[in-house]
Amino acid sequence: MPFRMSLCAVWSALLTIAIAGCVHLVSGDPPAAHSAGTVSGTLTYRQRSALPPGSVIHVGLVEVRGKASESVVLAEQSFVASGQVPIGFALAYEPKAIDPAKHYAVRARITDSSGRVFWATPRPVPVLTQGHPAEVEVLVAPAGSYQIAPPATFFFECEGLEFTARHDQRGVYLFLPGGTLLLPETMSGSGAKYTDGKATFWSKGEEAFLEVDGKTYPQCRNDRRRAVWEDAKLNGVDFRAVGNEPGWYLEIYDKGTPEKIDFVGDYGQVYYTFPSVQRETQETRERKRYVARIGGHQLEVTLEKGPCLDDMSGEAFETAVTVKLNNRSYRGCGKALH
């Protein structure tokens, strides 16, 4: 019997430790970080609205990949808010886990005790690499609104008209054949509506309504493939390439001397940025070659002028592209955007 009581006590102690290890919620201020690496800052929102009692703050440090759904969580914490915004946070991380060629960000949400989301980050806030700081302000938006991680750019095809729509904090930019309009947002029962009193743009997901210059375009639909290329162009990308098996894309920011190259591979599983790029000195109009190195990674990109067909979509491009990342090679097609 004494032995059984001792064994029972051991199991009881282990169970207590296991349960303690599973508890993530704490009340009051966020726990202090003790690691050599810390990402810190404040979480806030612009709306004049008080946090309900018992609201729970969730903050995480993630490695950003080509698709938001593929982000990898490196550190996270959850705690009960002790007051109103702004609310401080500190995330401890292992410095050895940070790759200077990759991208990291903070994302956050505010929930009730049952997990229902009130607020969330529209897009993760960049930190640590690519010149981004370790201390940031994280702005959250009302959950359920169109602001939560929307596509920034759409390419709408209407009967008799094609145009690009670009969202930002000031409203929506419409890049029309006759010029560019900036329309501020206005109240709407559904979807997102923008107007300046003369032109009106009303979008609901992949569909939109446009009234401009006395004409109405009631059935406009987003072309997702073309929207991706328009988004890259508006982001300042000068050359973009794509390939398959596995899916990848490459974006070159080239202002005389390349500023940087982004590479996203393996269907969004890897995302690298190379900020210091060198051109081959003996390049010609028909052939260009770039070489970049960072954090133990080496990238080589060769562009060769000439017809190139995407081997899955059959789309024709103007340039054949070969990419070598470390010891792995990729082939595809691309085109200049400016």
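## Contacts and packing in a predicted model

In this predicted model, the side chains of arginine 65 and glutamate 63 are joined by a polar contact of 3.2 Å. Arginine 65 also reaches the side chain of glutamine 269, with a polar contact of 3.1 Å between the two side chains. Arginine 65 belongs to the loop that links β2 (56-64) and β3 (72-80). Its relative accessible area is 18%, so arginine 65 counts as buried, the limit being under 20%. Lysine 102 is 37 residues from arginine 65 in sequence, yet the C-alpha atoms of the two are 8.4 Å apart in space.

Lysine 102 also takes part in a contact with threonine 129. The backbone oxygen of lysine 102 is 2.7 Å from a polar atom of the threonine 129 side chain. Threonine 129 is located in the loop between β7 (125-127) and β8 (135-139). The relative accessibility of threonine 129 is 8%, and this residue is therefore classed as buried. Leaving aside residues up to four places away in sequence, threonine 129 touches Ile98, Asp99, Pro100, Lys102, His103 and Tyr104.

**Helix α2.** Which residues of α2 (residues 224-234) are buried? They include Ala227, Trp229 and Ala232. Among the elements that cover the buried residues of α2 are the strands β10 (153-158), β18 (215-222), β19 (239-243), β20 (248-255), β26 (316-325) and β27 (328-336). The N-terminal end of α2 is capped by aspartate 223, which has a side-chain oxygen 3.2 Å from the backbone nitrogen of arginine 225. Just after the helix, glycine 236 has a positive phi of about 95 degrees.

Tryptophan 229 has a further partner: the charged end of lysine 335 sits over its ring, at 5.0 Å from the ring centre. A second lysine placed over a ring is lysine 260, which lies over the face of tyrosine 253, 4.7 Å from the ring centre.

**Aromatic pairs.** Over the whole structure, 12 aromatic pairs are found. Two of them are set out below.

| Pair | Centre to centre | Angle between planes | Class |
|---|---|---|---|
| Tyrosine 173 and phenylalanine 175 | 6.4 Å | 25 degrees | stacked |
| Tyrosine 194 and phenylalanine 201 | 6.2 Å | 35 degrees | tilted |

Why is the pair of tyrosine 173 and phenylalanine 175 called stacked? The planes of the two rings are at 25 degrees, and planes under 30 degrees apart count as stacked, so this pair falls in that class. Phenylalanine 175 is partly exposed, with a relative accessible area of 30%. In the tilted pair, tyrosine 194 and phenylalanine 201 are both buried. Tyr194 and Phe201 also belong to one aromatic cluster, together with Phe154, Phe156 and Phe163.

**Confidence.** The protein chain has a mean pLDDT of 85, and 85% of its residues reach 70 or more. Over residues 1-29 the pLDDT stays under 50, and the model gives this stretch 14 contacts beyond four places in sequence. Residues 31-35 likewise have a pLDDT below 50, with 12 contacts in the model beyond near neighbours in sequence. Predicted coordinates should not be read in detail where pLDDT is low.

Conventions:
Residues are numbered from 1 along each chain as its sequence is written. This is a predicted model: local features need pLDDT of at least 70, side-chain atom pairs count only at pLDDT 80 or more; totals for chains, interfaces and linings use all residues. Side-chain values use heavy atoms; hydrogens and water are left out. pLDDT is the predictor's confidence in each residue, from 0 to 100. Contact means heavy atoms within 4.5 Å. Rings of Phe, Tyr and Trp (its six-membered ring) pair if their centres lie within 6.5 Å; planes under 30 degrees apart count as stacked, over 60 as edge-to-face and the rest as tilted. Buried means under 20% relative accessible area, exposed over 50%, partly exposed in between (1.4 Å probe, protein chains only). A charge sits over a ring if NZ of Lys or CZ of Arg is within 6 Å of the ring centre and within 35 degrees of the ring normal. Helices (H or I, at least four residues) and strands (E, at least two) are DSSP runs, numbered from the N terminus. A polar contact is a pair of N or O atoms within 3.5 Å; within protein, one must be able to donate a hydrogen and the other to accept it, and residues adjacent in sequence count only if both atoms are side-chain atoms.
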